[in-house]
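Below are some notes on the model, set out as numbered points. They can be read alongside the coordinates.

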Amino acid sequence: MTSASRALWSRWRVRLPAASALCLLAAASVAQAQLPPPASAKPPAGALQRIQARGSVIIGHRESSVPLSYVADGVPMGYSVDVCRSIAQALGRYLQLRETRVDYRQVTSSTRFDAIEKGEVDLECGSTTNTAARRQRVAFTIPHFVASSRMVVLSSQPYERIEDLDGQVVASTTGTTNIDSLAKEALAKSVRIRIEPAADHAQGFAWVVQGKVHAFAMDDVLLFGLRASHGRPEDLKVIGKPMTIEPYAIAFEKDNPQLKAVVDAELRRLIQTRELHRLYGKWFTAPIAPRGINLGMRMPHLLVDSLKYPTDYVPQ
């Protein structure tokens, strides 16, 4: 872990002494044991009632957030989607459904929270950072990934850090935390850049390839996924020190303690049984559809550390 990563990590969560860590683990086990009783009666109005009525869980997925949530050959897939499939089955067991179907609805950075609030999706399974502002609209579970915001540029260009982009155009996806963090980082380092909002990650990345912008700022895991998916990955490079720490989490309906208890318990089960580690290996260290690319991305130290003491607490 770099010194920059350590500094960012310390802002994101407080390291606990050994005794406190053991207490946290015990609390997690107790929370898992204290699930609400099975929903044999009609659940309260909201997402659980909708799931029970239709017999299916609707997963909100992304189009190009490789390898977390994307579409290949018309099929939604990815690390976050697999995590949500397990949560969907846990919800079906809780609601005592005879069979739990999983339906899919594509969302974007701009529409994902509206879709949750309107009840159009039950679980938003993409590359979504848990922030204080977003918690005003939706709930989040324990983070299942920790990313950092960086930039991708053409390898032929001399750029290695944000200071090298002074006077240039940098894209970032609208509706993401990255577009704000990019502006703050530029201001803090007195770098003059023009920020061009992209409709989605694929567009922002394409602008770099086409030479329309000089860099695209996004979470590093997504940048590596886009780069690996490109016909000539060596033509692009990911640069810069981490600008932020991005704890990715599953988003769902706010103010629904029964729903949150089931979702959190299933994610803790995935962590404690190391099923989450197996899913990570499937999507980050092995060939993935549609072209068999392999990101070769070992589990980041930040994620390894956070999974030791799983909590949904994020101070930002």
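**Salt bridges, sheets and helix packing**

1. R161 and D164 form a salt bridge, with the closest N and O atoms 3.6 Å apart. Both ends are partly exposed: R161 has a relative accessibility of 46%, and D164 has one of 28%. The model is a predicted one, and this applies to every point below.

2. A second pair is R137 with E117, where the closest N and O atoms are 2.7 Å apart. This salt bridge links distant parts of the chain, 20 residues apart. R137 sits in the loop between β6 (123-124) and β7 (139-140), while E117 belongs to helix α5 (residues 112-117). The relative accessible area of R137 is 33%, so R137 counts as partly exposed. E117 is also partly exposed, at 44% relative accessibility.

3. A third salt bridge joins the side chains of E234 and R232, at 3.7 Å from N to O. E234 is partly exposed with a relative accessible area of 46%, and R232 is partly exposed at 47%. Elsewhere, D82, R85 and K282 are joined into one network by salt bridges that share partners. How many salt bridges does a search of the whole structure find? The search finds 20.

4. One open sheet has 5 strands in the order β5-β1-β6-β14-β7, and its pairing is mixed. Its edge strands are β5 (101-106) and β7, each of which pairs on one side only. At the β7 edge, the partner is strand β14 (residues 251-252), and the two pair in the antiparallel sense over 2 bridges. Within this pairing, F140 stands opposite A251 of β14.

5. Two helices should be read together with that sheet. Helix α3 (residues 47-54) packs on the sheet and touches β1 (56-61) and β5. The direction of α3 makes about 120 degrees with that of β1. Helix α4 (residues 79-94) lies across β1, β5 and β6, and runs at about 160 degrees to β1.

6. A separate description applies to the open sheet of 3 strands, ordered β2-β3-β4 with antiparallel pairing. β2 (64-65) and β4 (75-77) are at the edges with a single partner strand each, so one side of each has no neighbour in the sheet. β2 and strand β3 (residues 69-72) run antiparallel and are joined by 2 bridges. In this pairing, S65 stands opposite S69 of β3.

7. Is strand β9 (residues 169-173) mostly covered or mostly uncovered? β9 is mostly covered, with 5 of its 5 residues buried. The burial involves both faces: V169, A171 and T173 are buried on one side, and V170 and S172 on the other. In a regular strand, side chains alternate between the two faces of the sheet. β9 pairs with strand β10 (residues 194-198) in the parallel sense over 5 bridges. V169 of β9 stands opposite R194 of β10.

8. At what angle do helix α9 (residues 257-272) and helix α10 (residues 275-284) pack? The angle is about 75 degrees, and the axes are 4 Å apart. α9 is therefore roughly perpendicular to α10, as angles of 65 to 115 degrees fall in that class. On the α9 side the contact is made by L267, L270 and I271, and on the α10 side by E275, L276 and H277. By class, the contact has 4 nonpolar, 1 polar and 1 charged residues.

9. The last point concerns S306, which is placed in helix α11 (residues 301-308). S306 has a relative accessibility of 5% and counts as buried, because the cut-off for buried is under 20%. S306 and H144 are 162 residues apart in sequence. In space, the C-alpha atoms of S306 and H144 are 8.9 Å apart.

Conventions:
Residues numbered from 1 in each chain as written. Predicted model: local features only at pLDDT ≥ 70, side-chain atom pairs only at ≥ 80, totals over all residues. Heavy atoms only, no water. Axes fitted to C-alpha atoms, helices over the stretch in contact; angles between N-to-C directions. Parallel < 35°, antiparallel > 145°, perpendicular 65-115°, else oblique. Contact = heavy atoms within 4.5 Å. Nonpolar A, V, L, I, M, F, W, Y, C, P; charged D, E, K, R; others polar. Salt bridge = Lys/Arg side-chain N within 4 Å of Asp/Glu carboxyl O. Buried < 20%, exposed > 50% of the residue type's maximum accessible area, 1.4 Å probe, protein only. Pairing = 2+ DSSP bridges.
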